[in-house]
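Subject: Structure handover

Hello,

The structure we spoke about is below, with notes on what turned up in it. Please read the notes with the coordinates open.

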Amino acid sequence: MSSPSRDALPTGTELDCYRITKLIGSGGFSLIYLAEDEDSHDKVAIKEYFPKRFGQRDEKGRILVSNPEKRSNFERGRRLFYQEASILAQLDHPNIARARNCFLSHGSAYLVMDYEPGKNLGRYIKKRKGNLSTNFLLTVFPPLLEALDIIHATSNLHLDIKPSNIHLRPGGNPLLLDFGAV
C-alpha cells in the first residue's frame, strides 16, 4: 500500500504574513520552506508539520486526514510540534535555531525560524568521506556542546543529535536544528 503524496505548497503561497519562495528541505514529519516576511522583508525558514503517512493536500493547499485513527495521531503530532516551538522560544543561544513565530493554517502547524544560509553537516561529512580536519572539529563542536549545555540547563534533552540535524553557516559556525524529539 503506497503512502499518500506529500505535495509542497506552491511558490507564492501566503501563510500568515509570510510568502513562500521555495521548498528547501523535508523530513519524515515536515516540509521546510524558504519564505519572506512581508512586513520586514527578512528571509525566514518555515517548517510545516506534514507527516509523510498521515494526509494529503487538497486543491486549496489544506492538509486532509480522512482516516479517524490517523487523525488522532496527526493531532497528537501537531501538539508535539507546538511543544517544539515552545521549547525553542525558551532557548537563547547563537548555535540553536531561533523560533520567530508559530501558527496554525492550512489544517496544520507552522514554525517560523530565522533563515541561515549554509549547508547540512551530514552532507558535508559524506562529501568528504569522513575526512575532517582538527581545525574543523574544533570550530564546529565546542559551540554545539555549549548549546547542549543551555538545553540541559532547561531540563530538556535534544534526543536527535546527528549530523543531518546540524546546519553549518559560513565559516563553519554550527546551528543545532530539529527539536521535535526534545
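Does Phe136 count as buried or exposed? Phe136 is buried, at 11% relative accessibility, and the cut-off for that label is under 20%. Bear in mind throughout that this is a predicted model.

Aromatic pairs

The search of the whole structure gave 5 aromatic pairs. One of them is Tyr49 with Phe81: the ring centres are 5.7 Å apart and the planes meet at 50°, so this pair is classed as tilted. Tyr49 belongs to strand β4 (residues 43–49) and Phe81 to helix α1 (residues 68–90), so the contact ties together parts that are 32 residues apart in sequence. Both Tyr49 and Phe81 are buried.

Phe136 pairs with Tyr124, with centres 4.9 Å apart and planes at 15°; that angle is under 30 degrees, so the pair is stacked. Here the link is between helix α2 (residues 121–127), which holds Tyr124, and helix α3 (residues 134–153), which holds Phe136, so parts 12 residues apart in sequence are tied together. Tyr124 is buried as well, with a relative accessible area of 15%. Arg128 sits over the face of the Tyr124 ring, 3.6 Å from the ring centre.

Separately, Tyr18, Phe103 and Tyr110 make up one aromatic cluster.

Strands around β8

Strand β8 (108–114) has 6 of its 7 residues buried, so "mostly covered" is a fair description. β8 runs antiparallel to β4, joined by 5 bridges, and antiparallel to strand β7 (residues 99–105), joined by 6 bridges. On the β4 side, Lys47 has Leu111 of β8 as its bridge partner. On the β7 side, Ala99 stands opposite Met113. The hairpin of β7 and β8 has 2 residues between the strands, and His106 there takes a positive phi near 50°.

Largest pocket

The largest pocket has a volume of about 1,300 Å³. It is lined by 48 residues, and those closest to its centre are Ser30, Ile32, Lys47, Asn165 and Asp178. Lys47 is thus listed here and also bridges to Leu111 in β8. Elements that each supply at least two lining residues include β2 (18–26), β3 (30–37), β4, β8 and β10 (166–169). Helix α1 gives the most, with 7 residues. By type, the lining divides into 20 nonpolar, 14 polar and 14 charged residues.

Regards

Conventions:
Residues are numbered from 1 along each chain as its sequence is written. This is a predicted model: local features need pLDDT of at least 70, side-chain atom pairs count only at pLDDT 80 or more; totals for chains, interfaces and linings use all residues. Side-chain values use heavy atoms; hydrogens and water are left out. Rings of Phe, Tyr and Trp (its six-membered ring) pair if their centres lie within 6.5 Å; planes under 30 degrees apart count as stacked, over 60 as edge-to-face and the rest as tilted. Helices (H or I, at least four residues) and strands (E, at least two) are DSSP runs, numbered from the N terminus. Buried means under 20% relative accessible area, exposed over 50%, partly exposed in between (1.4 Å probe, protein chains only). A charge sits over a ring if NZ of Lys or CZ of Arg is within 6 Å of the ring centre and within 35 degrees of the ring normal. On a 1 Å grid over the protein atoms alone, a cavity is a set of points where a 1.4 Å probe fits but cannot get out, and a pocket is an open set with protein on both sides within 12 Å along at least five of seven lines; lining residues have an atom within 4 Å of a point. Grid points are joined across faces, edges and corners, and a volume is the space filled by probe spheres set on the points. Ala, Val, Leu, Ile, Met, Phe, Trp, Tyr, Cys and Pro count as nonpolar, Asp, Glu, Lys and Arg as charged, and the others, Gly among them, as polar. Two strands pair if DSSP finds at least two bridges between them.
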